[in-house]
Amino acid sequence: MTPPNHGDAHIRVLISEERIQARVAELAREIREQIGDGPITCIGVLKGSFIFMADLVRALGGPVRCEFLGVSSYHGGTRSTGVVRITEDLRHPIEGHHCLLVEDIVDTGLTLDYLKHFLGARKPASLQTVALLDKPGHREVEVIADFAGFTIPDEFVVGYGLDLGELYRNLPFIAVYSP
Ligand code: PRP
Ligand code: 7HP
């Protein structure tokens with residue numbers, strides 16, 4: 001049988017696949033309660049949010065548009081460079097849309113803060129934010145997501161979309177990485 005850490009001595013499971021799936025379903029209910037049954041333009045922040053986005057949009061149900069923004073600031077390492085770089089822009093205008101920015105993690109807060117301004121300038125009807133993970137102990141900018149899945153300790157995590165050097169994104173759970 002595969003051990004829970006997939007045989008990798010560097011990782012330790014922090015949030016199981018079952019807990020993630022249950023929380024994603026709850027988040028979807030919370031978001032629909034607040035935004036209502038109308039169309040939502042979900043904007044996934046690549047690459048880290050692609051798995052969360054895929055699960056969340058299916059749990060949301062109702063009319064949903066999917067857009068993606070390519071953004072990078074960690075460049076494969078464990079520390080933010082402090083410079084948020086847009087690597088791919090939205091394909092369509094979001095003016096007048098009710099938008100939900102979908103992030104995997106808010107860590108220093110630099111990315112979320114930057115993207116709220118970047119997208120706000122495109123005049124959406126509303127802009128809300130959801131992050132699967134919130135690491136409040138590491139903030140450099142005071143910013144919070146409107147909806148957050150789990151608050152986690154100040155440790156580097158991988159899995160469920162989050163990487164280290166582009167690896168580990170395919171783990172179905174969230175794990176702490178220790179070198
Ligand atoms: C990660 C993550 C968030 C951001 C959060 O992206 O996906 O977008 O960092 O960190 P912050 O709150 O400190 O800004 P990363 O730059 O690693 O790119 P990736 O998603 O392609 O892995
Ligand atoms: C970005 C990021 N990527 C993977 N694991 C973490 O803990 C991270 N924080 N910010």
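1. β5 supplies the most to the lining of the largest pocket, four residues in total. Keep in mind that this is a predicted model. The notes below cover the pocket and its two ligands.

2. The largest pocket holds about 590 Å³ of space. It is lined by 31 residues, and V71, S73, Y74, D104 and D163 are the closest to its centre. Two or more lining residues come from each of β2 (40-46), β3, β5 and α3. By class, the lining has 11 nonpolar, 12 polar and eight charged residues.

3. Ligand 1 takes up the space that is the largest pocket. Ligand 2 sits in the largest pocket as well.

4. Around ligand 1 there are 18 residues. S73, Y74, D104, T108 and T111 come nearest. Six of the shell residues are nonpolar, six are polar and six are charged.

5. Which elements each supply at least two residues of the shell around ligand 1? They are β3 (64-72), β5 (98-106) and α3 (110-120). β5 has the largest share of this shell, with four residues. β5 also gives the most to the lining of the largest pocket.

6. Three side chains place a polar atom by an oxygen atom of ligand 1. For T111 the distance is 2.5 Å. For E103 it is 2.8 Å. For D163 it is 3.0 Å. Ligand 1 taken alone exposes 500 Å², and the protein buries 93% of that.

7. Ligand 2 has its own set of neighbours: Y74, I105, D107, K135, E155, F156, V157, L162 and D163. Five residues of this shell are nonpolar and four are charged. No polar residue is part of the shell around ligand 2.

8. Which atoms of ligand 2 pair with the side chains of D107 and K135? A nitrogen atom of ligand 2 lies 2.5 Å from a polar side-chain atom of D107. An oxygen atom of ligand 2 lies 2.9 Å from a side-chain N or O atom of K135. V157 uses its backbone instead: an N or O atom there lies 2.5 Å from a nitrogen atom of ligand 2. Taken alone, ligand 2 exposes 260 Å², of which the protein buries 92%.

9. Two residues deserve a second look. Y74 is among the residues that come nearest to ligand 1, and Y74 is also one of those surrounding ligand 2. D163 has a polar side-chain atom 3.0 Å from an oxygen atom of ligand 1, and D163 is listed around ligand 2 too. Both Y74 and D163 are among the residues closest to the centre of the largest pocket.

Methods. Residues are numbered from 1 along each chain as its sequence is written. Chains are lettered from A and ligands numbered from 1 in the order in which they are written. This is a predicted model: local features need pLDDT of at least 70, side-chain atom pairs count only at pLDDT 80 or more; totals for chains, interfaces and linings use all residues. Side-chain values use heavy atoms; hydrogens and water are left out. A residue is near a molecule or strand if one of its heavy atoms lies within 4 Å of it. A polar contact is a pair of N or O atoms within 3.5 Å; within protein, one must be able to donate a hydrogen and the other to accept it, and residues adjacent in sequence count only if both atoms are side-chain atoms. Accessible areas come from the Shrake-Rupley method with a 1.4 Å probe; for residues, only the protein chains shown count as cover. On a 1 Å grid over the protein atoms alone, a cavity is a set of points where a 1.4 Å probe fits but cannot get out, and a pocket is an open set with protein on both sides within 12 Å along at least five of seven lines; lining residues have an atom within 4 Å of a point. A molecule sits in a cavity or pocket if more than half of its atoms lie within 2 Å of its grid points. Ala, Val, Leu, Ile, Met, Phe, Trp, Tyr, Cys and Pro count as nonpolar, Asp, Glu, Lys and Arg as charged, and the others, Gly among them, as polar. Grid points are joined across faces, edges and corners, and a volume is the space filled by probe spheres set on the points.
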